[in-house]
Amino acid sequence: MSTISKKKMATVKTLYGSFRCVFEPESDMGGFVVESPKVQGAVSWGKNFAEAKRMITEAIEGVVEARAIAEAERQGVVRLTNRSINNRLVRALYPSLRREL
């Protein structure tokens with residue numbers, strides 16, 4: 001017999017505004033899987049609702065910051081070098097650079 005998961009919707013406040021998020025109970029590990037449909041790539045997990053909410057807030061902020069950095073680099077506003085890469089978001093954007101840091 002399968003269990004019906006009950007998704008919860010909640011608005012999460014971040015440094016960059018408020019975002020609606022979908023929280024779904026995770027049957028294998030427990031806790032909640034959470035995503036923000038309006039922010040592609042913002043997915044996280046938490047062992048309880050409060051932790052999942054904190055984790056998705058961090059994920060949303062990370063995606064927004066990574067996109068801003070990538071766009072600034074594309075426009076030539078910033079130029080990334082190994083010495084300037086000390087930000088976890090930039091490392092996440094450029095995984096091939098992890099070995100060089």
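A residue is termed buried when its relative accessible area is under 20% and exposed when that area is over 50%, with partly exposed residues in between. In the predicted model described here, Phe23 has a relative accessibility of 0% and therefore counts as buried. This residue serves as the starting point for an account of the interior.

Phe23 belongs to the largest nonpolar core, a set of 14 residues. Cys21, Phe23, Val34, Val39, Ala42, Ile56 and Ile60 are the members with the most contacts inside this core. At least two core residues come from each of four elements, namely strand E1 (8-14), strand E2 (17-25), strand E3 (32-35) and H1. The greatest contribution is that of H1, which provides five residues. In soluble globular proteins, nonpolar side chains tend to be buried together. When neighbours within four places in sequence are set aside, the contacts of Phe23 comprise Lys6, Lys7, Lys8, Ala10, Val12, Phe32, Val33, Val34, Phe49, Ala52, Lys53 and Ile56.

Two of these contacts, Phe32 and Phe49, also take part in aromatic pairing. The structure contains two aromatic pairs. In one of them, the ring centres of Phe23 and Phe49 are 4.4 Å apart and the ring planes stand at 40 degrees; the pair is therefore classed as tilted, since this class takes the angles that are neither under 30 degrees nor over 60. Distant parts of the chain are linked by this pair, with Phe23 in strand E2 and Phe49 in helix H1, 26 residues apart. Whereas Phe23 is buried, Phe49 is partly exposed because its relative accessible area is 26%. The rings of Phe32 and Phe49 have centres 5.7 Å apart and planes at 85 degrees, so this pair is edge-to-face. Here too the pair links distant parts of the chain, joining Phe32 in strand E3 to Phe49 in helix H1 across 17 residues. Phe32 has a relative accessibility of 13% and so counts as buried. Through these ring pairs, Phe23, Phe32 and Phe49 are linked into a cluster.

Helix H1 also carries charged residues. Glu61 lies in this helix and is buried, because its relative accessible area of 16% falls under the 20% limit. Apart from neighbours within four places in sequence, Glu61 contacts Thr14, Leu15 and Tyr16.

Side chains of opposite charge can pair when their charged atoms come close. A search of the whole structure yields one salt bridge, in which the side chains of Arg74 and Glu71 meet at 2.6 Å, N to O. Both residues lie in helix H1 (residues 49-74), and because they are three residues apart, about one helical turn separates them. The two partners fall into separate accessibility classes: Arg74 is exposed, with a relative accessible area of 61%, while Glu71, at 31%, is partly exposed.

Nonpolar side chains are found at the surface as well. Met29, Val33, Val43 and Trp45 form a nonpolar surface patch, and their accessible area together is about 370 Å². Val33 in this patch is also among the contacts of Phe23. Trp45 is located in strand E4 (residues 43-46). With a relative accessibility of 31%, Trp45 counts as partly exposed; the residue qualifies for the patch because membership requires over 30%.

Conventions: Residues are numbered from 1 along each chain as its sequence is written. This is a predicted model: local features need pLDDT of at least 70, side-chain atom pairs count only at pLDDT 80 or more; totals for chains, interfaces and linings use all residues. Side-chain values use heavy atoms; hydrogens and water are left out. Patches are made of residues with over 30% relative accessible area and no salt bridge: like charges are joined within 9 Å, nonpolar side chains (Val, Leu, Ile, Met, Phe, Trp, Tyr) within 5 Å. Accessible areas come from the Shrake-Rupley method with a 1.4 Å probe; for residues, only the protein chains shown count as cover. A salt bridge is a side-chain nitrogen of Lys or Arg within 4 Å of a carboxyl oxygen of Asp or Glu. Buried means under 20% relative accessible area, exposed over 50%, partly exposed in between (1.4 Å probe, protein chains only). Contact means heavy atoms within 4.5 Å. A nonpolar core is a set of buried Ala, Val, Leu, Ile, Met, Phe, Trp, Tyr and Cys residues joined through side-chain atoms within 4.5 Å. Rings of Phe, Tyr and Trp (its six-membered ring) pair if their centres lie within 6.5 Å; planes under 30 degrees apart count as stacked, over 60 as edge-to-face and the rest as tilted.
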